[in-house]
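Me: I have a model open and want to learn how to read its features. Can you take me through them one by one?

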Amino acid sequence: MQWLLLTAAMYTSTLMAADILKTDSYFTAKQYDLAKTGYMEAAKLGNPHAYYQLARMYTKGLGVEQDVINALIYYSLAAEYDYFDAQKVIDNTLAKLPAESKATFIKVMNDYKSKLGKQAIDTKYFPVIQQDSLSTKITFDGREKLKHSFYSEDFMEDSMANLNNLAIEEGGNEDATYMSTPKEPYLILDIDIAADGSIRNYFEVQNIGGPGSRLINEFILFPQPKPSINNQHTNFVHRVFLGAAVYSKSILLDKNEPMYAQILRTSKRLKKGTKLNERYQYAMALLNFPWLTSSPQEAEQKLLTLAKLGHPSAMYEYGMILYRQQRNIPEAIYWISQSSKYGLIRAEFRLGKILNSSPWVKQDQKKALFWFSSAMSKGDINAAIRAIDIKLTAKNKSLHNIESAVQDLKMIEHTHANNPEYYYLLALSYRDREARDFSQFVSNMRTAIRRGNSANWDTREWQSLLDKSTIGTVYITDE
């Protein structure tokens, strides 16, 4: 029977998280060969929706031969996640079988689950929670919370942008004088704050009303309070509101009535939507425009409902709310992990970051590299930097892959021309590759340090490495 071949297939191909939404479109269009390929990839990472769809395909013979055993295997894997009516289908099917056949089918399902079920997959690809660390929280220069709202003139005057520090607190007086320009874009960013307080990369969550590049370029030079836990600096993810996103309802109406009207019209239309994605967009509207909500927890509750219904972006957003607020870390990581199984790029990147540096999980660079590589394969340039870093600097030397890192660096050369870390990793690659070039190592290290200093990064570690590498060495450059 075909099911005997499935276990081997699970182990032989190179894994990357599948794009489930795209795969579902193949299924809807009856392109079953493409659908099966996508679902099989997702199944290797424990995606319950993929299991269920494969079970349906084998039950009905959609693009495959009808096969009751394969169908029951996939239903049993979906049932481990309490997915939809998978367990009910299994019970109904087994009830119709003779006792001897029923026992055989149950054994096949249990054997398969023991090899490639939820526990095996979680162990291989997903974070292991450090239970004894959950009670300890990250603080920010001694404060419990980070500020969320920033005005374009709110940045410290000693930043490289030479901006004024207005120190306007979140939720300030609506009658205060605001110095942002009347037509500021409505901009929300997720930012990664490094151990030195610098902003290393960002993701645009919301951007309406015009280009946000000026605000972003100013803001990313603004040092944040340093995250730390157990007296050790660490990194953290944070969501910030810029431009018109800091306005209350009345101020937005006063300063940019067309934008206010646009938001209101869109939210009213989405509120009436019944499709899963319309409901998600409405939940995000409540999250991104807080003055639309009737209760502070409304957006969060809607996202949780949608996450339980299988919407991958809702899974991610709900998990990230919990993670950023350090509220039930295990549940946060569970939902981020579930979202990553659907091939959501930002979830894959975040899961890699968690595996690589979170204080609440057992850090595992091998697992992190898998998720960074998967996100990189889908075009995430931030994930590319993180994957290259592991390939060049991992404590586990079996993960080192200089040739692959060099190829990846070539691939992102143009997209990371202003990134100090790109030049740092490029320098390391020249130091470690088979055809070493020490002059290129020194030149790129100097570029990394210079650019890092300009971006308010702490480059002392890089400078120390350069100093140690050049002690007693005399060489000539064109600088």
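Reply: Gladly. This is a predicted model. Start with one strand pair: in S7, Tyr186 has Gly243 as its bridge partner.

Me: How many bridges join S3 to S7, and in what sense do the two run?

Reply: Strand S7 covers residues 236-243, and 8 bridges join S3 to S7. The two run antiparallel.

Me: Which strand other than S7 should I look at beside S3?

Reply: Look at S4, residues 199-208. S3 pairs with S4 in the antiparallel sense, over 8 bridges. Ile191 stands opposite Tyr202 there. The hairpin of S3 and S4 has 5 residues between the strands, and Gly197 takes a positive phi near 90 degrees in that hairpin.

Me: How do I read the two faces of a strand?

Reply: In a regular strand, side chains alternate between the two faces of the sheet. Now take the case here. S3 spans residues 186-193, and 8 of its 8 residues are buried. One side carries Tyr186, Ile188, Asp190 and Asp192. The other carries Leu187, Leu189, Ile191 and Ile193. Both faces are covered.

Me: And a helix? Which residues of H19 are buried?

Reply: In an α-helix there are 3.6 residues a turn, so residues three or four places apart point the same way. Now H19, residues 402-411: Ala405, Val406, Asp408 and Leu409 are buried. Seen down the axis, the buried residues of H19 fall within an arc of 165 degrees, so they line one face of the helix. Glu403, Lys410 and Met411 are exposed on the other side of H19.

Me: What do the buried residues of H19 pack against?

Reply: They pack against helices H17 (365-377), H18 (381-393) and H20 (420-432).

Me: Which members of the largest nonpolar core touch the most other members?

Reply: Tyr186, Phe219, Leu252, Ile263 and Tyr323 do, in a core of 147 residues. Helix H5 (residues 68-79) gives the most to this core, with 9 residues. Tyr186 is also the S3 residue whose bridge partner in S7 is Gly243.

Me: What is Leu252 in contact with, leaving aside its neighbours within four places in sequence?

Reply: Its contacts are Tyr186, Ala244, Tyr247, Glu257, Met259, Tyr260, Ile263 and Trp291.

Me: Now the whole chain. What should I read off?

Reply: The protein chain has 22 helices and 7 strands. Of its 479 residues, 51% are buried. Among contacts with a separation of 6 or more, 63% come from residues 24 or more positions apart. The chain exposes about 23700 Å², and carbon and sulfur atoms supply 50% of that area.

Note on methods
Residues numbered from 1 in each chain as written. Predicted model: local features only at pLDDT ≥ 70, side-chain atom pairs only at ≥ 80, totals over all residues. Heavy atoms only, no water. Core = buried A, V, L, I, M, F, W, Y, C linked by side-chain atoms within 4.5 Å. Buried < 20%, exposed > 50% of the residue type's maximum accessible area, 1.4 Å probe, protein only. Helix = DSSP H or I, 4+ residues; strand = E, 2+ residues; numbered from the N terminus. Contact = heavy atoms within 4.5 Å. Pairing = 2+ DSSP bridges. Areas by Shrake-Rupley, 256 points an atom, 1.4 Å probe, with all protein chains shown as cover. Arc of directions from axis to C-beta.
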